2 protein chains.
Amino acid sequence: MEKRIFTLKHQDTSCKARTGEIKLPHGVVQTPAFMPVGTNGTVKGIHHDDVARIGYNLILGNTYHLYLRPGIEVLKTFDGLHNFSHWNGNILTDSGGFQVFSLSQLRRIHEEGVKFQSHIDGSRHIFTPEKVVDIQQVIGSDIAMMLDVCSAPGISWKETLKAMDITHLWAERAIVRRDSLLDLTGRAFRGNLFGIVQGGFYEDLRIKSAQTISSMDFPGIAIGGLSVGESKEDFCRFLALTAENITTTKPRYVMGIGTPDYILEAIENGIDLFDCVLATRTARNGSVFTDDGMLTLSRSFNEFDHGPIQEGCTCRACTEYSLAYMRHMFKCNEMLGGMLATEHNLTYLHNLILRARKAIEENRFASFKKEYLERFYANGGRCVRS
Amino acid sequence: MEKRIFTLKHQDTSCKARTGEIKLPHGVVQTPAFMPVGTNGTVKGIHHDDVARIGYNLILGNTYHLYLRPGIEVLKTFDGLHNFSHWNGNILTDSGGFQVFSLSQLRRIHEEGVKFQSHIDGSRHIFTPEKVVDIQQVIGSDIAMMLDVCSAPGISWKETLKAMDITHLWAERAIVRRDSLLDLTGRAFRGNLFGIVQGGFYEDLRIKSAQTISSMDFPGIAIGGLSVGESKEDFCRFLALTAENITTTKPRYVMGIGTPDYILEAIENGIDLFDCVLATRTARNGSVFTDDGMLTLSRSFNEFDHGPIQEGCTCRACTEYSLAYMRHMFKCNEMLGGMLATEHNLTYLHNLILRARKAIEENRFASFKKEYLERFYANGGRCVRS
């Protein structure tokens, strides 16, 4: 019998948005949920305790990075990433497929697996669907992703088909590996293995992949191959199409999105989980979320502003410091600027999700999204202070 | 009548080390005390709340930097640096003299003051003894330093004499300015103006400067012109000589020292206050204090080490993370590495000071220093793990 980890709490009557709960080894996750990215076992610029304090109990780690550094042998001695990184919430790890696609050199995909060279030292490695399950077992991932073939936008139907077929084959092999770990190693798989839908930007392939992955024994489904450089229009079209064709009984995850507009778009399509480095990366560059769009902290109009980044925000940047101070931090390249802006962006997104959940519970998500984005985009997505 | 802010608590019978209290506008400071440096109104890599949590209630800011950025007009609108930077403890600001000496270009010293070009944008500025008092009044410094002429080691007796004479002249002008602020501006000077002893590396000039500055109406005395590139032997000799010739009834401050060995040397000579960027700067480079010397976190022997940086240390790096994780953070250039190492070094120094205070109260500081340094230097000051 399939493992069930998702409970629907409320289905919005105005659109496909929904609230729910995912039961995971390190606690129940309320959805929709944004996941901060902790590539190397740390969310950049913030203590894990502060990530938890904001309200997050599910963060993302990168299998590719953790496999290269600190390496599996180190993580084994800690019985996984939770102990190693002082994080007692849940961890989702990606499969490494996307990083092999985007970071490493000399990538060669065979049916057996993918050969690649480390972006750090050029050393040669191979990921197979089985090995990626094993690595995530060592990491102790609460949600583990199957190895997939992530294809770039613009490639032919035939190439996309081939990538999809290998992905489906690897999905089966990942499930077999997961189910045989107890016999092979004496320890059952600790996490929840999610399948990944591919199919590029071809409708027939997307539908086929969505249906194929949905039909397999995965407790959750991810939509891969989006947010890889395509137009927003294509993103929205293929997100909607894929979402329509995957099961609604499992948690649904779109990989790599993290701006308010993309997040709200995903929620409207009944997506439960999303992650992106953007919230933390732009923060370190001094760009922060507000209800009126993105605000660049180093801009001169902040020089004498005693007000916070965002009125009503509960983060330390907004409750303890002024825009004038935040500007000063970024003008001086002070670490505290990035630390505070990171805390702000993660707090802002968490609070945005809370507002979205409330709107769903009250069957008004569609109008909430519309009103929110009207204000967010009023200045072209750029915050302009008087 | 002279303002008295220092109370002697205990004079060690084994040496000149002493404990005391300095009464300042933002609370009583126990001495000896190390002051973390917050050049731009932030101690690099750590929240001010965490600096306070460690136990510090006196930090240092740099007048030169704060004058250039965010600028006095910004600080005026916040009624000073405390509000601006969310720090409710005490602040000592240096006079800017040392930064003009070390950072700026085209420095020209006249009797009137010192002309210099900003190291940021080349803009031209002048500091006079009066202006530096005024700037620190805007900053709201609890301890303000008079403008002095910091001379390099190796210059002639005659040049050193000239620098000292100007320093003494500027001392008088600073006092006059401080005492006339109420009349000039309607607001009395908020802080405590400290004098600075100069005299370079000439015994007669050092003694003369120590006696001259001691005799003036300053509530505290700083020893300047040390730790400017001289040998440790010269440092110790001129520290001892200067310390012998300044009053013991006022707080005594040596500028620019921050390693355990120099700090203990200063305490043994009856010094109450010291500051240095080294604790926080080396931390960001992955070098941390331990009882066994300095430890470089990225070294390979830490790779599988589950132990803390320093057994018994109360900081988050030591209580929540392993050496293996700290190494991983520095290998990956993760901000959290510098954040945690900064917290460790500041915690370590604060705890070292607490141990020193206890040893003084028990009249055994001289033997405490000897034992501590024997262990600290056992491996040449480098920590070697088995």
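Student: Which residues in helix 12 of chain B are buried?

Tutor: In this predicted model, the buried residues of helix 12 of chain B are Leu323(B), Tyr325(B), Met326(B), Arg327(B), His328(B), Met329(B) and Phe330(B).

Student: What makes helix 12 of chain B largely enclosed by the rest of the structure?

Tutor: Helix 12 of chain B spans residues 323-331, and seven of its nine residues are buried, so the helix is described as largely enclosed. The cover over these buried residues includes helix 2 and helix 3 of chain A, together with helix 11 (316-320) and helix 13 (335-361) of chain B. After helix 12 of chain B comes Asn333(B), which has a positive phi near 55 degrees.

Student: How do you know that chain A and chain B are related by a two-fold axis?

Tutor: Chain A is superposed on chain B by a rotation of 180 degrees, with 0.0 Å of shift along the axis and an RMSD of 0.0 Å, and that is the relation of a two-fold axis. In chain A, the C-alpha nearest this axis belongs to Met335(A), at 4.1 Å from it.

Student: Why is it said that the copies meet through the same surface?

Tutor: The statement rests on the overlap of the two sets of residues: 100% of the interface residues of chain A are also interface residues in chain B, so the copies meet through the same surface. In the contact itself, 26 residues of chain A face 26 residues of chain B. On the side of chain A that touches chain B, the elements that give two or more residues are helix 2 (63-77), helix 3 (81-85), helix 12 (323-331) and helix 13 (335-361) of chain A. Helix 12 of chain A gives the most, with five residues. By class, that side of chain A divides into eleven nonpolar, nine polar and six charged residues.

Student: Why are helix 9 and helix 14 of chain A called roughly antiparallel?

Tutor: The axes of helix 9 (residues 260-268) and helix 14 (residues 365-376) of chain A come within 11 Å and cross at roughly 165 degrees. Angles over 145 degrees count as roughly antiparallel, and therefore helix 9 of chain A is given that description relative to helix 14 of chain A. The crossing of these two helices of chain A is left-handed. Pro260(A), Asp261(A), Leu264(A), Ile267(A) and Glu268(A) of helix 9 of chain A meet Phe365(A), Ala366(A), Lys369(A), Tyr372(A), Leu373(A) and Phe376(A) of helix 14 of chain A. This contact of helix 9 with helix 14 of chain A has eight nonpolar, no polar and three charged residues.

Student: What makes helix 2 and helix 5 of chain A oblique to each other?

Tutor: The axes of helix 2 and helix 5 (residues 129-139) of chain A come within 10 Å and cross at roughly 60 degrees. An angle under 35 degrees would count as roughly parallel, and one of 65 to 115 as roughly perpendicular; the angle here belongs to neither range, and helix 2 and helix 5 of chain A are therefore oblique. Their crossing is left-handed. The contact joins Thr63(A), Leu66(A), Tyr67(A), Ile72(A), Leu75(A) and Lys76(A) of helix 2 of chain A to Val132(A), Ile135(A), Gln136(A), Val138(A) and Ile139(A) of helix 5 of chain A.

Student: How do you know whether Thr160(B) is buried or exposed?

Tutor: Thr160(B) has 25 C-beta neighbours inside 10 Å, and 20 or more are needed for a residue to be buried, so Thr160(B) counts as buried. This residue lies in helix 6 (residues 157-185) of chain B. Leaving aside residues up to four places away in sequence, Thr160(B) touches Ser151(B), Ile155(B), Gly199(B), Gly200(B), Tyr202(B) and Leu205(B).

Student: Why does Asp79(A) count as exposed, and what is Asn363(B) called?

Tutor: Asp79(A) has 12 other C-beta atoms within 10 Å, and 12 or fewer make a residue exposed, so Asp79(A) is exposed. Asn363(B), with 15 C-beta neighbours inside 10 Å, counts as partly exposed. Asp79(A) lies in the loop between helix 2 and helix 3 of chain A, and its phi is positive, near 55 degrees. Asn363(B) lies in the loop between helix 13 and helix 14 (365-376) of chain B, and has a positive phi of about 55 degrees although it is not a glycine.

Notes. Residues are numbered from 1 along each chain as its sequence is written. Chains are lettered from A and ligands numbered from 1 in the order in which they are written. This is a predicted model: local features need pLDDT of at least 70, side-chain atom pairs count only at pLDDT 80 or more; totals for chains, interfaces and linings use all residues. Copies are superposed by least squares on the C-alpha atoms of residues with pLDDT of at least 70 in both. Two residues are in contact if their C-beta atoms, placed from the backbone, lie within 7 Å. Axes are lines fitted to C-alpha atoms, for helices over the stretch in contact, and angles run from 0 to 180 degrees between N-to-C directions. Helices (H or I, at least four residues) and strands (E, at least two) are DSSP runs, numbered from the N terminus. A crossing is left-handed if the near helix is turned anticlockwise from the far one by less than a right angle, and right-handed if clockwise. Ala, Val, Leu, Ile, Met, Phe, Trp, Tyr, Cys and Pro count as nonpolar, Asp, Glu, Lys and Arg as charged, and the others, Gly among them, as polar.
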